[in-house]
Protein chains: 2
Amino acid sequence: MASECKHDHTELLGRVKGEMPTDEFLSDLADLYKIFGDSTRIKIMFSLYEEEMCVCAISELLGMTQSAISHQLKVLKDAKLVSNRREGKTIYYRLADDHVKSIIAQGFDHLLEED
Amino acid sequence: MASECKHDHTELLGRVKGEMPTDEFLSDLADLYKIFGDSTRIKIMFSLYEEEMCVCAISELLGMTQSAISHQLKVLKDAKLVSNRREGKTIYYRLADDHVKSIIAQGFDHLLEED
DNA sequence: CTTTTATATGAATGATTGTTCATATGTTTA
DNA sequence: TAAACATATGAACAATCATTCATATAAAAG
């Protein structure tokens, strides 16, 4: 399956391989970024950046159905990127921790700092 | 299309809306993270973390076909996350800048710091 | 206890996307 | 210039996934 070129990479590959995390770790890392890689979810997380919001407020803000928002909130919650609390019939969501904020801010800066 | 709940969110929505970037910006942000959200691409970027590598070395390292690697390198290059140089028949790829490293490192830390 | 309100969820569908296969491009060597 | 080598790329296929629709759960109000 792999390449069939005639180069000799044994030295280089040995070095690089030694510094690579496990496949499992790298898959987890990809899965984490995958969650940030959807504009609906990004918008939800941005909405929650400053304060908590209930589901219907988010769906109103984004102009999307309550169902679509609930599905994405579930994805975010399963990934522990948001948490929630119930108050009567209403459920309020908030960002899980400051780490989420810093990841958003990081990509934000990257986009802004492009020539 | 939007929610039809009876809550009054006008005040909240006004506040949050004022701090939200444009849809276009948030889509670009999602697109950026989408690129990090694939384990093959993450592995490629990690491979290039310390030093440049040619295509066949990467495909040998990851145990994947040259074609698959080339396709993903194109995605990474279009997003300006990697750049390359030619040396005879061989083409060497490297990370475009330190921003890519810091984004990777950020997610890395997030995974490591979980309970 | 029935109705209303707020949210969650399963199934279906359409769109996106990663890999493969075949082939093309570009460079060196014989 | 013909063959070998390194990489790129278009088309096809399979798999993933975001949204929709219908419906379920759960709490409050009447």
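1. Let's start with how DNA strand C meets the protein in this predicted model. Of the strand C atoms within 4 Å of the protein, 65% belong to sugar or phosphate, and the rest to bases.

2. Which residues sit closest to strand C? Among the 29 residues that surround DNA strand C, the closest are Ser67(A), Ser70(A), Tyr93(A), Thr40(B) and Ser67(B). By class, the residues of this surface divide into 9 nonpolar, 12 polar and 8 charged.

3. A few individual distances are worth a look on your screen. The side chain of Ser67(A) places an N or O atom 2.7 Å from a base oxygen of strand C. For Ser70(A), a side-chain N or O atom is 2.8 Å from a phosphate oxygen of the strand, while at Cys56(A) a polar backbone atom is 3.0 Å from a phosphate oxygen. Elements giving two or more residues to the surface near strand C include α4 (55-62) and β3 (90-95) of chain A, and α3 of chain B. The largest share, 5 residues, comes from α5(A).

4. Now to the protein–protein side. Chain B and chain A bury about 5600 Å² between them, 70% of it on carbon and sulfur atoms. In chain B, Tyr33(B), Gln106(B) and His110(B) lose the most area to chain A, together 12% of what that side buries. The contact takes 59 residues from chain B and 59 residues from chain A.

5. As for polar links, 4 salt bridges are counted between the two chains; one salt bridge joins the side chains of Arg15(A) and Glu51(B), at 2.5 Å from N to O. Across the interface, 14 residue pairs are in polar contact. On the side of chain B that touches chain A, the residues divide into 30 nonpolar, 16 polar and 13 charged.

Definitions and conventions. Residues numbered from 1 in each chain as written. Chains lettered and ligands numbered in written order. Predicted model: local features only at pLDDT ≥ 70, side-chain atom pairs only at ≥ 80, totals over all residues. Heavy atoms only, no water. Contact = heavy atoms within 4.5 Å. Buried area = accessible area lost by both parts, 1.4 Å probe. Polar contact = N/O pair within 3.5 Å; in protein donor to acceptor, adjacent residues only side chain to side chain. Nonpolar A, V, L, I, M, F, W, Y, C, P; charged D, E, K, R; others polar. Near = heavy atom within 4 Å. Helix = DSSP H or I, 4+ residues; strand = E, 2+ residues; numbered from the N terminus.
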